[in-house]
Amino acid sequence: MSEIFGIPVQALLGQLLLGLVNGSFYAMLSLGLAVIFGLLGIVNFAHGALYMVGAYIAWLGLEKWGLNYWVALVLAPVVVGALGVVIERTMLKHLYRLDPLYGLLLTFGLALILEGIFRDQFGVSGQSYPVPDQLTGATDLGFMILPNYRGWVVFASLAICLTVWFVIEKTRLGAYLRAGTENPQLVQAFGINVPLMVTLTYAGGAGLAAMAGVLAAPVIQITPLMGSNLIIVVFAVVVIGGMGSILGSILTGLVLGLIEGLTKVFYPEASNIVVFVIMAIVLMLRPAGLFGKEK
């Protein structure tokens, strides 16, 4: 069969691959948002800006200091995670007992500040980042040609997302994190440093955003607005999956990426809004999201 509904199979599979790659970024970014909201109750609108900063760290590392992609994949999350520590310790820690709206407004302001700084320094024109030599080329799967780097993005994103889910849901450390957000006084009584756990949680979410930025750098143009162009869609993914649901964010991100890819084949005009249409339907039927818990 060379066509499905009049669409060449190879073109359909190519769009599905592109949708899966986009879904991998959605999953990683929504995972960071879900971790921060689920454990800290902060709607982190600065997440897209931290994703952008991670991509720029990779580009600057290569341009200024000759640091390759693999070094950037470790360095960017560490640097942005350290920035997350500063943000949490100086600003966010004062908002935990307040309405989540205050956290949203503060992080939205931080996103605008970061975007403004990078626009002033680098302009709005895009910067390109090369695919690492080890991942250039493509692999013939018989039914389609798979670019090696796009395959790596899908594999790396899934591995990172599932590792984070396992740590939070299935390990003692994850149990401490969840208990510390539910009853910090009790957990502190057992000698566990709850404020440090909270700080490291935000830093970890920021580091996930930075790692997604490095993975995206060879695929898209690096611009100061790359985060703001993506964060609205990622928030929709988190809402559909259920605010604070880690597994829901991962699965929803991947599935919505595939749906978006299929929409580009069969009805391209709707590809930019299909995620929001799905969000509206889900909220009407299940306000807590597909995997969220009703309160």
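**Close-up views of a predicted model**

**View 1. A nonpolar patch on the surface.** Five residues, Ile273, Val277, Ile281, Met284 and Leu285, make a nonpolar surface patch of about 540 Å². Keep in mind that this is a predicted model, here and in every view below. One member of the patch, Ile281, sits in helix H11, which covers residues 274-285. How does Ile281 count in terms of exposure? Ile281 is partly exposed, because its relative accessibility is 42%, and partly exposed is the class between the 20% and 50% cut-offs.

**View 2. The second largest pocket.** This pocket holds about 440 Å³ of space. Its lining is made up of 21 residues, and those nearest the pocket centre are Asn22, Tyr26, Ile220, Asn229 and Leu230. Which helices supply at least two residues each to the lining? They are H1 (9-40), H9 (226-241), H10 (246-266) and H11. H1 gives the most, with five residues. As for chemistry, the lining splits into 12 nonpolar residues, six polar ones and three charged ones. H11 is also worth a second look for another reason: besides supplying lining residues here, H11 is the helix that carries Ile281, one of the residues of the nonpolar patch in View 1.

**View 3. The salt bridge.** How many salt bridges does the structure hold? Just one. It joins the side chains of Glu88 and Arg89, with 2.9 Å from N to O. The two partners don't share an exposure class: Glu88 is buried, since its relative accessible area is 0%, whereas Arg89 is partly exposed, since its value is 32%. So the acid in this pair falls under the 20% cut-off for buried residues, while the arginine lands in the class between 20% and 50%.

**View 4. Val78 and Leu208.** Val78 belongs to helix H3, residues 69-90. Is Val78 buried or exposed? Val78 is exposed, because its relative accessible area is 54% and the cut-off for that class is over 50%. Now pull Leu208 into the frame: 130 residues separate it from Val78 along the chain, and the C-alpha atoms of the two are 9.8 Å apart.

**View 5. Ser245 and Gly38.** Here we're in the loop between H9 and H10, where Ser245 is found. Ser245 counts as buried because its relative accessible area is 14%, under the 20% cut-off. Which residue is 207 positions away from Ser245 along the chain, with 6.8 Å between the C-alpha atoms? That's Gly38. Both helices flanking the loop of Ser245 also turn up in View 2, as suppliers of lining residues for the second largest pocket.

**View 6. Phe108 and Val164.** Phe108 has its place in helix H4, which runs over residues 100-122. Its relative accessible area of 36% is why Phe108 is classed as partly exposed. The C-alpha atoms of Phe108 and Val164 are separated by 25 Å, with the two positions 56 residues apart along the chain.

**View 7. Ala58 and Gly207.** Ala58 is part of helix H2, residues 47-65. Is Ala58 buried or exposed? Ala58 is buried, because its relative accessibility comes out at 0%. Its partner in this view is Gly207, 149 residues away along the chain, and the C-alpha atoms of the pair are 13 Å apart.

Methods. Residues numbered from 1 in each chain as written. Predicted model: local features only at pLDDT ≥ 70, side-chain atom pairs only at ≥ 80, totals over all residues. Heavy atoms only, no water. Patch = residues over 30% accessible without salt bridge, like charges linked within 9 Å, V, L, I, M, F, W, Y side chains within 5 Å. Areas by Shrake-Rupley, 256 points an atom, 1.4 Å probe, with all protein chains shown as cover. Salt bridge = Lys/Arg side-chain N within 4 Å of Asp/Glu carboxyl O. Helix = DSSP H or I, 4+ residues; strand = E, 2+ residues; numbered from the N terminus. Buried < 20%, exposed > 50% of the residue type's maximum accessible area, 1.4 Å probe, protein only. 1 Å grid on protein atoms, 1.4 Å probe; cavity = no way out; pocket = protein on both sides within 12 Å on 5 of 7 lines; lining within 4 Å. Points joined across faces, edges and corners; volume = space filled by probe spheres on them. Nonpolar A, V, L, I, M, F, W, Y, C, P; charged D, E, K, R; others polar.
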